[in-house]
Amino acid sequence: MPNVTRRIGLSLGADICWPICYEEIVKRLALAIPWNGDTVGIDVERVTIEPFDLRQPCRYDLVIDRLTHWYHTSREWIKKAVIMDGLYVFNNPWSVQSMEKQTTYCAMMQLGMPIPETWLVPPKAYEPLPDLQPTLRSYAKLFDLGAIGKALGYPLFMKPYDGGGWKGVSRIDDEAALRARYDESGKLVMHLQKAVHPFDSFVRCIGLGPQTYLVKYDPGAPLHDRYTMAKDFMSDEEAGVMRDTTLTINAFFGWDFNSCEALRKDGTWYPIDFANPCPDSQVTSLHYHFPWFVTANIRWSVFNAVTRRPFRRTLDWEPFYAIAARELPYRERLREYAKVAEQRFARAEFDEFCATHLAHLDEVAWEFFATPVARDAVRKKVAALFPAHEVELFTELFWRRIQAWRADNPPGAGAAPDAAIDAAIGAAAAAADATVEARS
């Protein structure tokens, strides 16, 4: 069989740790996959930023993109490559460009998801454009901000209609705070959203293709502790609800990689923030969960690159709206949405491909995450974010949490660490956590 190479490009911004791990594990996999009469290998490259001819062919079969949401040059290159060269990219760049929180709230409300009541209010201040004053004089209606707050009820949240990363988000407990925060919001167009209060659990569900991963989240903790290491915090049924919710959102908007935040109140999971098509992927946030992200990324990218699965250029919402129009109980309707999502993410084909061609990935990754190369990747990211006197401390903290993941996820009975090693790893991780807590 002829040997052919599929090229995966990494379009990166400030990412340091995960690309190193991704590249090294792919190298160690030494892939030679029989596919349609060829033997397919994988080459990974970092995408550079440079001028480009619109007719210039794209050298990549797939690009993992981390820039589209803010860097226009890379976004326009990717859009050109999708249109003209059939590039597969994480995520649909037109969707990322146009689908802000406002749109995602509206769409999922229409599908029947329990989105908290949300209002959009005009900005407090404006750019002084030539037509501004005539427009406002003719059409801007005076409104009572306090009345909206009263109608929603307190507490509520004020946040930009298209924001991300918690920027500009305020918890509002009374009318005085509402007016003060609105006055400070300037030219931002803001949402007022009824708080899910009191809630008893906060989760993030990460979706990468058909793969999902649930993490109990603590938004009040320091950044390195927000993704908790809690286990068994959801029932199987609740996990199924969040899985189907995340798959539905991601397939609806053409997002291969996205995260959905949800709060539980009185047994109902309320999605509150799910326009996140470039989720945090750094070891300094994910720590214990970081190896899952790296291996899930490898599975989904290698599958699409090797099989040359066509990229869905258009979103086609009609199958979802057809289900929404049926008289179905919500849980049954959500399962039907997720079936459409699983089809769009080729779930059956993906599972078969991974079982046949990537069965050794877990073992390779498990071994890699004990190597000096992996530890150095952690340290490089820590050094980029933390002051010099904390670099060794936090490197050790994150490294111990990764070793705890290894203890919990051996690739087979023969590779499982014995009880003494498992206990030692757990004790070391707890000691590192306690040291960081004491120094915080």
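How much of the accessible surface of the chain belongs to carbon and sulfur atoms? The share is 53%, out of an accessible surface of about 20,500 Å². Please keep in mind while you look around that this is a predicted model.

**The whole chain**

Let us start with the overall picture. The chain has 17 helices and 13 strands. Its radius of gyration is 23 Å, close to the 22 Å that the globule rule gives for 440 residues, so the chain is as compact as a globular protein of that length. Along the principal axes, its C-alpha atoms fill a box of roughly 70 × 60 × 50 Å.

Of the 440 residues, 51% are buried. Among the contacts with a separation of 6 or more, 73% are between residues 24 or more positions apart. As for charge, the chain carries 50 positive and 57 negative charges, and the mean positions of these two groups are 3 Å apart.

**A closer look at strand 9**

Now find strand 9, residues 190–194. Four of its five residues are buried, so this strand is largely enclosed by the rest of the structure. Strand 9 pairs with strand 6 and also with strand 7, as the table shows.

| Partner of strand 9 | Sense | Bridges | One bridge pair |
|---|---|---|---|
| Strand 6 (residues 118–121) | antiparallel | four | Leu120 and His191 |
| Strand 7 (residues 156–160) | antiparallel | five | Met158 and Leu192 |

To trace these pairings in the structure, begin at His191 in strand 9, the bridge partner of Leu120. Then move to Leu192, also in strand 9, which is the bridge partner of Met158. In a regular strand, side chains alternate between the two faces of the sheet.

Terms used: Residues numbered from 1 in each chain as written. Predicted model: local features only at pLDDT ≥ 70, side-chain atom pairs only at ≥ 80, totals over all residues. Heavy atoms only, no water. Helix = DSSP H or I, 4+ residues; strand = E, 2+ residues; numbered from the N terminus. Rg over C-alpha atoms; globule rule 2.2 N^0.38 Å. Buried < 20%, exposed > 50% of the residue type's maximum accessible area, 1.4 Å probe, protein only. Contact = heavy atoms within 4.5 Å. Areas by Shrake-Rupley, 256 points an atom, 1.4 Å probe, with all protein chains shown as cover. Lys, Arg positive; Asp, Glu negative; His and termini not counted. Charge placed at Lys NZ, Arg CZ, Asp CG, Glu CD. Pairing = 2+ DSSP bridges.
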